[in-house]
Each structure stands twice: as structure tokens, then as C-alpha cells.
Amino acid sequence: MLINPKRIEKIKEEIFAKYPEFRGVEPKISEKTVKPQDAIYAKLDMGVPKQLKSIYRLKFERTVRAADETPIDRILLVTLDENFEIVKIVESR
Amino acid sequence: MRMLILSGKEALHERIKDVRPIEKALSEYIESRKVYEPILCYYDTPNKYGVDPVARKAEAIREYVSNFEKKLGDFDILLLLGGDEVIPFFRLENPCDDADEMVLSDNPYASRDDNYVIPERACARIPDGENSDFMVRQLNKAVRRNGKSFGLTAKDWQKASENVYQPVGAPEELECTPPVTKDDFKEAWLQEKDYLYFNVHGSKLSANWYGQEGAHYPVAMGTDNIVNSSGVVAAESCYGAYIIEKTKNNAICLKFLAERDVVGFCGSTTIAYGPAQPPSSEADLLVKYFLEYLEQGHTLSESLRNAKLDFARKSLRRHGFLDDDDTKTMLQFVVYGDPTLRVRPSQKGEFVC
């Protein structure tokens, strides 16, 4: 399912407000279907795995220069659930 | 608890020339850790157990460990003796869409089945540092308890870092960069401590770590800031544990390990991820669990393995699955140092055994 462009713009606004160093960066958008991870659940002695899920990922990426001119790849990943709600935001260390 | 100590004789000789000091130190190490029934084996030479030697390839060495277990039963602890040139890291497909072509990992060595995201064995590596003294030093280290910790975080991640640091130190005592920079970094911060925690930027190209406030990335520290340091280091920085073609002069992790009183280093071999705010996830969550297990009296290697298991459980409960960056986090974190050392005594009151 495609993400509504208005929803993408809303997320971008939110990201640019919270992480101004990514302002103006156009995110790469991807969709992924996550299959049940039965083997992982089994190895951890956990119960029945969840069903197949779709997630969406917005990746903002840019290269910055540190004070000593070393290039650092900055990546910010926004994960959305099937309802296009943000479930997680992480950035490269 | 049984321990297998694994190395490659030919590769080790190529790296450090004279292996006799290592073998002497290993002999004393094995004697002092009898409770683990340690067995030393070189994957490239014949042995009395009838396990055939193998080539210096990660898959073959993993198979060698498996064949050893078939002959002698399971080992709980695996010590990899040497850097990538002696016992190669696994080059695993990178689940994330980032600049890392592969993820350097020891997880497959720690796992008995093909589902190596979840480790069973407690595994640690002692890098060779191209120097026998460096390796001998790792085998002879002992924990000196100081009851104090130090933490350094990028300013922008202060709240997230406070949540990670809380098991071992007072969050309000975390130093932030900026304002801290390499030039005003106090060597004493790293001295007489039990834990050294870092949540800063790192680069494969640089010997420095970096802070962040908005678009400003100051140099937070470098190898020359590390003088008479002590404790266990837990670092979230990208490439914090990257050691290929590195020395103690251009890799902070090797510089820390070269210190007499730094007993271990836990970090990432590749680009790591974490949140700017709590709740902890990715590298933040893994390191938080690692510190918690150390504080409970588990060994270095047990603490990383247990942290990975708890990290996976937590992620599955939160989202129902491990996503790409969860998986990468599980694979990329390694621990360097003597796997049997503890910061706090075990429930039996033991520090080493």
C-alpha cells in the first residue's frame, strides 16, 4: 500500500523540526513485509510468533564534516506501522 | 561451564612473530581457570582430540568448533585469540541499507545453529594488536574495583544516554560533548573507574570520537586522551570496535585495551543506531543490558550474550519481530578481553572463576 503523500509531508515536517540537521533531505521510502520469525521465537523459548506484517521505512541520509574535517555519514531511520504511524526513530551513532 | 580457547598458530606467528610469550601466558591462564576446564586448540594444527585442522576461513573455523563439540561436548565460553587476520570476523550480509557492505560479526562463532542472530555461547575475542605483549597483557588483567563510573555523550543524545548510564552511574554526572572537546578532556575522567560509557559518533576513517549539538560535531576525544584508564568500556559509537588494519595509535578500542587496567571493550564493528530520546532501543538498549548484567556479577562474555538475548526478547515483545536495524545491532556488537572477568563478584563471591 502506498503512503499518502500528505502523510509523508507531515512526517518530514516532524523530522525537520526535531532533527534540523536533516532539513531539506528527501527521504528514501521503502516498504517491507516482515515474515513471522518462528526460528527466533523458538530459540528464545517465546510463544507464538506474530503474523505477517508490513512496515514502512523513511531513510534520511547526509554526509557531514566533523570539526577535524572527517566525513561522517548521518542516517536517520523512521519506521512506520501498517497505519503509517511512527513506531521508531533511530539515528546513526 | 567449559571454555574453548581458539587460535591459529600460523596466522598468530605471522602477526606477532614470537608466540612463546603467549603460550606461556596461556599456560598460566589455563591453570588459573581450572573451573572452566579450558582447552586450547589451534584450528590449523593437528590435535590429540582427532579434530581435523582447517583453513583460515570463518565458516571452516566455525565448523571446527562444532566438530570439537561433537568430540568433547558443548563449550559454554569461546575465547577467540587474535584479530581478523588470525580468526576472521564473519562477513555477514548487512540487513540495513547503509554504507556498510557487510557486517563484521562474531555471532556465528557464538551460535550452534544457522540462526546465529541469537547466540548460545558466551564469546569474546582478544585482538592480537600485532604485538605479543599486547596479548599477554589481556590474559593477565585483573579487575580493580573503584566503585565509580564515567560517561560521555553527544549533547543531542543526553536524555537517551542518561537512560543507558543509569545502571552504573548517576545520570546527572554524564559529561556532554559539546561543551567537552578533545582539548579540554580530562584524563582523570577515565582513571580509577569501573565502567566507561560512551555514546558519541565514530568513523572508520578517524582515530577520534565526536560529539554533536545540532550541526556541530566537535572532536570529543582521541587516543591521546587515554592515559592510565581503567574499567570496562562500553561504546555505542559507529565503528567503535573496528580493528582491521588498526593499531592502538589509530583505534580508540585498541588504545583502551593496551591500558593495564582496562579489562574489556564492548562496541560495534560497523555503523550503529540508537534513538535521540528514551525509550532505549538498538545500541542504547543493548549496551544498557550489557552494563546491567556486568553490575549483577556476570562475566564480560556472559553479559554480552545475555544482553543480546534480552535485547531480542524486548524487541519482539515491542514490535512482534526483529527489524533490520535490530538485527544489525545483534550482529555487530562484540566484546574484546578476557571472557571470564567480572566487575562485580558473582553470586558465589568470585571475580574470575
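Trainee: How many salt bridges does the rule find across the interface of domain 1 of chain B and domain 2 of chain B?

Mentor: Good place to begin, and bear in mind that this is a predicted model. One case is the pair D100(B) and K328(B), whose side chains meet at 2.6 Å, N to O. That distance qualifies because the rule asks for a Lys or Arg side-chain nitrogen within 4 Å of an Asp or Glu carboxyl oxygen. Across the interface of the two domains of chain B, the number of salt bridges found is two.

Trainee: Which elements give two or more residues to the side of domain 1 of chain B that touches domain 2 of chain B?

Mentor: Domain 1 of chain B spans 3-139, while domain 2 of chain B spans 149-336. Between them, 35 residues of domain 1 are in contact with 33 residues of domain 2. The domain 1 side of chain B divides into 19 nonpolar, five polar and eleven charged residues. The elements you are after are β4 (90-93), β5 (102-105), β6 (122-126) and α5 (132-139) of chain B.

Trainee: What area do domain 1 of chain B and domain 2 of chain B bury between them?

Mentor: Their C-alpha centres lie 24 Å apart. Carbon and sulfur atoms account for 67% of the area buried between these domains of chain B, and the total is about 2700 Å².

Trainee: Moving on to the two chains, how many salt bridges does the rule find across the interface of chain B and chain A?

Mentor: The contact draws on 48 residues from chain B and 37 residues from chain A. One of the bridges joins the side chains of D284(B) and R93(A), at 2.8 Å from N to O. For the interface of chain B and chain A, the rule's count of salt bridges is 13.

Trainee: And which element gives the largest share of the side of chain B that touches chain A?

Mentor: Several elements of chain B give two or more residues there, including β10 (201-202), α8 (282-295) and α10 (324-332). On that side of chain B, the residues divide into 20 nonpolar, 15 polar and 13 charged. The largest share, six residues, belongs to α9(B).

Trainee: Which residue in β15(B) does E91(A) stand opposite?

Mentor: Look at strand β4 (residues 86-92) of chain A, which two bridges join to β15(B). These strands run antiparallel. Within β15(B), the residue opposite E91(A) is G274(B).

Trainee: Finally, what is the area buried between chain B and chain A?

Mentor: This interface also has 32 residue pairs in polar contact, both at pLDDT 80 or more. Carbon and sulfur atoms give 57% of the buried area, and the total for chain B and chain A is about 3500 Å².

Conventions. Residues are numbered from 1 along each chain as its sequence is written. Chains are lettered from A and ligands numbered from 1 in the order in which they are written. This is a predicted model: local features need pLDDT of at least 70, side-chain atom pairs count only at pLDDT 80 or more; totals for chains, interfaces and linings use all residues. Side-chain values use heavy atoms; hydrogens and water are left out. Contact means heavy atoms within 4.5 Å. Buried area is the accessible area (1.4 Å probe) that two parts lose on being put together, summed over both. A polar contact is a pair of N or O atoms within 3.5 Å; within protein, one must be able to donate a hydrogen and the other to accept it, and residues adjacent in sequence count only if both atoms are side-chain atoms. Helices (H or I, at least four residues) and strands (E, at least two) are DSSP runs, numbered from the N terminus. Ala, Val, Leu, Ile, Met, Phe, Trp, Tyr, Cys and Pro count as nonpolar, Asp, Glu, Lys and Arg as charged, and the others, Gly among them, as polar. Two strands pair if DSSP finds at least two bridges between them. Domain bounds come from an automatic or database domain assignment.
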